[in-house]
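Visitor: Got a minute to walk me through this one? I'd like to start with an interface, then look at a pocket.
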Amino acid sequence: MQTSAWLILLFPLAGTLVNALGFRVLPGKAVGWIGTAAIAAAFVCSVLAFLALQDRGEEHRQVVYVAWDYANTVGVDGKLSLLVDPLSIFMALVVTGVSTLIHLYSVAYLWSDRGYARFFAYLNFFVFSMLVLVLAGNFLLLIVGWAFVGAASYLLISFWYRRTTATSAGIKAFVINVVGDAGLVLGTFFIFRHSHTLDFLGTFDSASKDFASHNGALTAGLLLLLVGAFAKSAQVPLHTWLPDAMEGPTPVSALIHAATMVTAGVYLIARMHPLFELSDTAALVGAIVGCATLLIAGTIGLAVTDLKRVIAYSTMSQIGYMIMGVSAGAYVAGHFHLMTHAFFKALLFMAAGSVIAAMAGEQSLDRMRGFRRALPFTYACFVIGGLALSAVPPFSGFFSKDEILGDIASRGGGWWVFYVLGYVGAFLTALYTWRMIFRAFWGEPSPEARELEEGHLHHADAPFNPATGEIEDTDVGFPGPEHHIAERAPEMRIAMSVLAVLAVAGGVVQVPFVTNWLEHFLDPSFADSRFGAGPSDTLTVIGMVVAVVVAAAGISTAYLVWVARPGTAERVRERFAPLHRLFVNRWYFDELIDLLVVRPFAWLGRFGQQTFERVIVNGLLVGGTTNIVKAGSAAARALQNGFLRAYAAVLVLGMVAMALYFLIQST
Amino acid sequence: MAEVFFFIAAIGAVCGAVGVVMVRNPFYAVLALVFHLLSLAALFLLLQAQFVAAAQVVVYAGAVMVLYVFVVAYVGAAEPTRLRAPVGRGQRAAAVLFGLALFVELAIAVLGSSLKAVPSDGPTVGAGFGSPAQIGELLLTKFLLPFEIASFLLLIAAAGAVVLARRRGGIGTEEADRVAAMDFRLPPGLGTMAEAVGGRSSREPFELGAGGGGE
Amino acid sequence: MTLDWYLVVSALVFAVGTIGVLTRRNPLVILLCLELMLNAANIALIAFARMWGNAEGQVFAIVVLVVAACEVCIGLGLVVAVYRRRLPIDVDEIRELHG
């Protein structure tokens, strides 16, 4: 198992290096295949590690492999150590599995882009970083992986780097991620101060002892870790980067901003569960933020009109579910939802990519209509993903979402609020998902759809930026000239089909009353949790019924508003205009952050430059020094004025001084 | 008796010195110096340095001063016009101060000296002291090398003076040598030392074509 | 007179010569003042020769005389050369340290 564990990391790294260094000599789509093969190999190794892990006894399923010591001094034990346990292998399987499919999709989707090789190098680097994150065995490597995925995200969001919107989005994502990184590192310090080891297992084993009297420090440290989790998982208020991150190519959105990177926060909380269970405050904060996010994002999803951004807000909302779940102790449920969400969200993004390609790059829901007949395969995938997202049985999303809510309710007391709000969120989910589907695929076909029905893929007159409409070209740094739809690209179809099957059948691993394979598998990781007991049988059944009702209500409402009675949407919008404005402006979070953070920092920067740098540093310190030297040299220059009598005077003065000295000496 | 002579000679020397410094006309300054030199010769005689006194009168007052007179006659005694603003306004005051300081220090050194022989008349010396015979003997025995080197120095000085003051190319080329002093004043902005030190040029900015040179 | 008087006279003449060098603008007069300083040194030398009872000081004074003569030669030669160039005979005016 040790070899497989290290190979999981080394294959993507090798893929990056080969693609980055050798892309000039590799022909055609070879970089794409190499990238895909690297991740597929990593997936195979994950499966091997999984099998090897299951071979071991239940008590021995948390294994640490150390490659070397980075530093072992002043009590800091920095090692390159991997922790192979069910949770990390589960995450590795999800990450590598979904990544392989997305790489396969990208082989066809980005084919005409001049930055093809760069894309695959970056994507492999991302997968490598994510695997470092999930396989990390100590805080050091976790932080390294965390930072690397942030960097990979930045590189990929601003992949089309000549687009100003993309580069600004990349910077925004990176800055917010760095805020999270700072929280993560500081949280680690707080925890390390009392645990005196960076190792995960070491920290967890002695957690109750170390923090018995330092609960304040523990809570502070965990809150800082939560800052990191919220930044990475795009929870309120550090969420503003995720919708902007849709500036990246669609496979990037699928992989990073749906399936894997944004789930890092969920993984973090689950990994740190022994610490979270000691501090109720931190757990409660996590749950509250998760719940708030799922509702806020749900409402925004009802109002925005850019296709990818609707799906982005949907991601935010679903991750809110997961965060709420793992904060409340529903670790297995949370990860179950992580897995199913990865499947159907990646599927939705891939299908969205196909629709956008059919629209020749246009992403606005206002312009796309009636693609049902033109893109049948894409439509089918969208519907499957939508049903899974809306938690319709027997699709996978139904089981996972239900399980989270059931586990939360089983904690009793105030947690029932979260339970109810969770179902409100489920209603919103169904509503905005089917809004998206009905608007894009039903109704009178748009001109592009009509063109496609006749067999001719629409091409825009000039390539343009979908967000601002400005004209671009198709050279390096901008998207390529061709657009690829699923119906015409076998690689895309294969990837999407696999994901569709998984979205349909993925729930089978944890069907209530029937199977609990996932729970059984993840048990060794969460054996020390005090929240093992799930909901009672009655509650489970009630939950399932409520979920079905809510989903049906959502879908039918959406049908009514957008298909059966056109014009309802406009009327509702007019009646609830202020509310609509709030939602369309994304609850004004961007403006708030601009006011509270960006402007003070900009002011500080201006102050620093104009006052501090110009006056004090340049004027006083640097200028002062140079002026002193200038004055000195001016004085020295004045001595050399060619004025004979002055020279003689200085001579005589010197003589007088010397004579005086000798006179004094002789007394 | 010797005191009276001493005072006369001393006062003469000092007056001659002051005269050199204060008289405007260089001719008269030279004459003052001659007077001073003759007083010095008297002082030397009082100090029993007959040969040196004679040499002083013949060589110094006789030859060197005559040379001076010739050059002053050649150069002229006119006070040249000031082309630039006076510099070193505090120069005169500083000069007097320094001179005074120097005198005071030297006086203190002399009068406060612990050399016992200074406030005395000196040891009794024989009749041949300071005579040409004694000087000559010293020059040719003990101080032969300085003597020879001094004669070399004279040769070099004579040759140097000829080189410095010669005409180049004959008599008629004086016109070509005639270079106006103003021509040596470079246009402003070309970085002469005088400008850098703050000497103001009294001419208008030099027009180098379309508007004077840039910044 | 005791020897210290002669030395005081020497100091006085030297100081006057210094003031002259620092004050006058005509290079010829400056050279004259320089001669004053040299002569003051001569007085001191002769006085000390008398003090030691030994004529070596007088020999020194003769050598100083020779040197003064040479220096005057060269100095005057310089002044003549400057005059030939039609430059003003004024040390304040001849200040460019080049050329």
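Guide: Sure. This is a predicted model. Start with chains A and C: 11 residues of chain A are in contact with 13 residues of chain C.

Visitor: What area is buried between chain A and chain C?
Guide: About 900 Å². Carbon and sulfur atoms give 67% of that.

Visitor: And by class, what does the side of chain A that touches chain C have?
Guide: That side of chain A has 7 nonpolar residues, 3 polar and 1 charged.

Visitor: How many salt bridges across the interface of chain A and chain C?
Guide: The rule finds 0 there.

Visitor: How many residue pairs in polar contact, then?
Guide: Across the A and C interface, the rule finds 1 such pair, with both residues at pLDDT 80 or more.

Visitor: OK, switching to pockets. How much space lies in the second largest pocket?
Guide: About 710 Å³.

Visitor: Which lining residues are closest to its centre?
Guide: Glu403(A), Asp407(A), Glu519(A), Gly534(A) and Pro535(A). The lining of this pocket has 40 residues.

Visitor: Which elements give two or more residues to that lining?
Guide: Four stretches of chain A: α16 (331-358), α18 (396-409), α19 (415-441) and α23 (537-564).

Visitor: Which one gives the most?
Guide: α18(A), with 7 residues in the lining of the second largest pocket.

Visitor: How do the lining residues divide into nonpolar, polar and charged?
Guide: For the second largest pocket, 21 are nonpolar, 11 polar and 8 charged.

How values were computed:
Residues numbered from 1 in each chain as written. Chains lettered and ligands numbered in written order. Predicted model: local features only at pLDDT ≥ 70, side-chain atom pairs only at ≥ 80, totals over all residues. Heavy atoms only, no water. Contact = heavy atoms within 4.5 Å. Buried area = accessible area lost by both parts, 1.4 Å probe. Salt bridge = Lys/Arg side-chain N within 4 Å of Asp/Glu carboxyl O. Polar contact = N/O pair within 3.5 Å; in protein donor to acceptor, adjacent residues only side chain to side chain. Nonpolar A, V, L, I, M, F, W, Y, C, P; charged D, E, K, R; others polar. 1 Å grid on protein atoms, 1.4 Å probe; cavity = no way out; pocket = protein on both sides within 12 Å on 5 of 7 lines; lining within 4 Å. Points joined across faces, edges and corners; volume = space filled by probe spheres on them.
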